[in-house]
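Let's take a walk through this protein together, starting with one helix and working outwards. Keep the viewer open and turn the model as you read.

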Amino acid sequence: MLIVCGLPGSGKTTLAKRLETQLRAIRFSPDEWMAALSLNLYDEERRAKVEALQWKFAQDLLAQGLTVIIEWGTWGRSERDTLRIGARALGAAVELHYLSAPVDVLFDRIQRRGTEHPPIERDAMLRWLEIFQEPNPEEMALYDEP
């Protein structure tokens with residue numbers, strides 16, 4: 001299992017799509033599912049339900065020996081730990097791909113892609129930066145090498 005971790009605009013989707021093709025993996029992106037269902041991307045209750053459903057499917061696929069990519073952002077260490085431990089319990093190797101960029105770059109990328117409705121504001125990015133738990137070397141050591 002590959003976990004793609006980072007804030008909006010960090011390149012998660014670009015990397016995850018490339019890895020999906022290269023590895024013939026199944027990619028789980030809540031943003032895409034929510035958009036397909038015409039759900040508000042900022043509805044945290046529904047996002048949690050979509051991610052829970054994706055995790056159930058991901059576990060079924062991992063148990064069959066398939067490769068999955070979790071493209072959720074995974075802002076918190078506890079969320080990443082839960083995914084890693086759950087996948088390892090199924091016998092899967094687990095990689096963490098952390099993407100970062102300066103806030104100005106993140107905000108510029110988001111503005112250029114223009115896919116969020118309503119648009120993400122700079123103040124929101126700054127708040128998210130404070131909330132995000134960046135993986136440290138100790139945490140990264142818990143994962144398999146890519």
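Start with helix α5, residues 103-113, whose buried residues are V103, L106, F107 and I110. These four span an arc of only 95° around the helix axis, so they sit on the same side of α5. And what lies over them? Part of the cover for the buried residues of α5 comes from α6, residues 122-131. Bear in mind as you look that this is a predicted model.

Just ahead of that helix you'll find P102, placed in the loop between β4 and α5. P102 is exposed, with a relative accessible area of 54%. If you want a distance to check in the viewer, try P102 and Q133: they're 31 residues apart in sequence, and their C-alpha atoms are 15 Å apart in space.

Stay with α6 for a moment, since E130 is found in that helix. Is E130 buried or exposed? Its relative accessible area is 71%, so E130 is exposed. From E130 to D81 there are 49 residues along the chain, and the C-alpha atoms of the two are separated by 20 Å.

Now step back to strand β4, residues 95-98, which is where Y98 sits. With 25% relative accessibility, Y98 counts as partly exposed; the cut-offs are under 20% for buried and over 50% for exposed, so Y98 falls in between. Which residues does Y98 touch, once its neighbours within four places in sequence are set aside? The contacts are C5, F132, E134 and P135. Try also picking G6 and Y98: the two are 92 residues apart along the chain, yet their C-alpha atoms are separated by 5.9 Å.

Next up is helix α4, residues 77-89, and in particular A87, which has its place in that helix. At 0% relative accessibility, A87 counts as buried. Not counting residues up to four places away in sequence, A87 touches M1, W55, L62, A92 and V94. You can also pair A87 with Q59: the two are 28 residues apart in sequence and 6.9 Å apart in space, going from C-alpha to C-alpha.

Two backbone spots deserve a look as well. Most residues other than glycine have a negative phi. T74 has a positive phi of about 40°, although it is not a glycine. You'll find T74 in the loop between β3, residues 68-73, and α4. T74 is buried, with a relative accessible area of 0%.

The other spot is R24, which is not a glycine either and has a positive phi of about 50°. R24 also lies in a loop, this one between α1, residues 12-23, and β2, residues 26-28. Is R24 buried or exposed? At 76% relative accessibility, R24 counts as exposed. So here are two loop residues with a positive phi, T74 being buried and R24 being exposed.

With those local stops done, zoom out to the whole chain. How many helices and strands does the protein have? There are seven helices and four strands. Reading along the sequence, you pass through them in the pattern β-α-β-α-α-β-α-β-α-α-α. The radius of gyration is 15 Å, close to the 15 Å that the globule rule gives for 146 residues, so the protein is as compact as a globular protein of that length. Taken along the principal axes, the C-alpha atoms fill a box of roughly 40 × 35 × 30 Å.

How does the chain pack against itself? Take the contacts between residues at least 6 apart in sequence: 71% of these join residues at least 24 apart. The pairing of Y98 with C5 is one contact you've already met. As for burial, 43% of the 146 residues count as buried, A87 and T74 among them.

Finish at the surface. The protein exposes about 8400 Å², and carbon and sulfur atoms supply 53% of that area. On the charge side, there are 18 positive and 23 negative side chains. How far apart are the centres of those two sets? They lie 4 Å apart.

Terms used: Residues numbered from 1 in each chain as written. Predicted model: local features only at pLDDT ≥ 70, side-chain atom pairs only at ≥ 80, totals over all residues. Heavy atoms only, no water. Helix = DSSP H or I, 4+ residues; strand = E, 2+ residues; numbered from the N terminus. Rg over C-alpha atoms; globule rule 2.2 N^0.38 Å. Buried < 20%, exposed > 50% of the residue type's maximum accessible area, 1.4 Å probe, protein only. Contact = heavy atoms within 4.5 Å. Areas by Shrake-Rupley, 256 points an atom, 1.4 Å probe, with all protein chains shown as cover. Lys, Arg positive; Asp, Glu negative; His and termini not counted. Charge placed at Lys NZ, Arg CZ, Asp CG, Glu CD. Arc of directions from axis to C-beta.
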